[in-house]
Structures are given as structure tokens and as C-alpha cells.
Amino acid sequence: MEVVSVASALVTGASRGIGRAIAVALSRRGDRVAVHYGSDRDAAEQSLSSCLCK
């Protein structure tokens, strides 16, 4: 039997740049990701879409 470990992460600043890259990478790895943003909701929603499209 294979044991699968899934982590959860809150990525701050995930609407752009390094934060977005980290959120997408964690999501592709199979981790649960919460996307946090400061003021650009549209960019955060784009990041979230990227995380959901594995």
C-alpha cells in the first residue's frame, strides 16, 4: 500500500510573482493551497485557476 501525504499551505502574495509560482508548484505537487492576496482580486482568481488546472 502506498502512503500519500498531502500538505496544506497558505501562500501570501499568491496573486503574482514568486507567490503565484509557489502556489502553482505546490498545487501541481498535489498539496492543498489557499491563495491570499492584498488588493488584486482578478490576479488572485487567475492564480487560483492555474492551481485548479493540474
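The protein has 2 helices and 2 strands. Keep in mind that this is a predicted model. Reading from the N terminus, the order of the elements is β-α-β-α. There are 54 residues, and 24% of them count as buried. The protein exposes about 4100 Å², and 53% of that comes from carbon and sulfur atoms. As for contacts with a separation of 6 or more, 52% are between residues 24 or more positions apart.

Now to helix H1. H1 covers residues 17–29, which is 13 residues. How far apart should its ends be at 1.5 Å a residue? The expected span is 18 Å, because the span is 1.5 Å times one less than the number of residues. In the model the end C-alpha atoms are 19 Å apart, which agrees.

Which residues of H1 are buried? They are Gly-19, Ala-23, Val-24, Leu-26 and Ser-27. Looking down the axis of H1, you find these buried residues within an arc of 165°, so they line one face of the helix. The general background is short. An α-helix has 3.6 residues a turn, so residues three or four places apart point the same way.

What does that buried side pack against? The buried residues of H1 pack against strand S1, residues 8–11, against strand S2, residues 32–35, and against helix H2, residues 41–52. The face of H1 turned away from the buried side carries exposed residues, namely Gly-17, Ile-18, Arg-28 and Arg-29.

Next, the residue just after H1. That is Gly-30, and its phi is positive, at about 105°. Gly-30 sits in the loop between H1 and S2. Is Gly-30 buried or exposed? Neither label fits: with a relative accessible area of 30%, Gly-30 is partly exposed, because buried means under 20% and exposed means over 50%. Gly-30 and Ser-8 are 22 residues apart along the chain, and their C-alpha atoms are separated by 9.5 Å.

Last, one residue from the other helix. Ser-47 lies in helix H2. Its relative accessibility is 0%, so Ser-47 counts as buried. What is Ser-47 in contact with, once its neighbours within four places in sequence are left aside? The list is Ala-14, Ser-15, Arg-16, Arg-20 and Val-35. Of the elements already mentioned, Arg-20 falls in the residue range of H1, and Val-35 falls in the range of S2.

To sum up, H1 has its buried residues on one face, and those residues pack against S1, S2 and H2.

How values were computed:
Residues numbered from 1 in each chain as written. Predicted model: local features only at pLDDT ≥ 70, side-chain atom pairs only at ≥ 80, totals over all residues. Heavy atoms only, no water. Helix = DSSP H or I, 4+ residues; strand = E, 2+ residues; numbered from the N terminus. Buried < 20%, exposed > 50% of the residue type's maximum accessible area, 1.4 Å probe, protein only. Arc of directions from axis to C-beta. Contact = heavy atoms within 4.5 Å. Areas by Shrake-Rupley, 256 points an atom, 1.4 Å probe, with all protein chains shown as cover.
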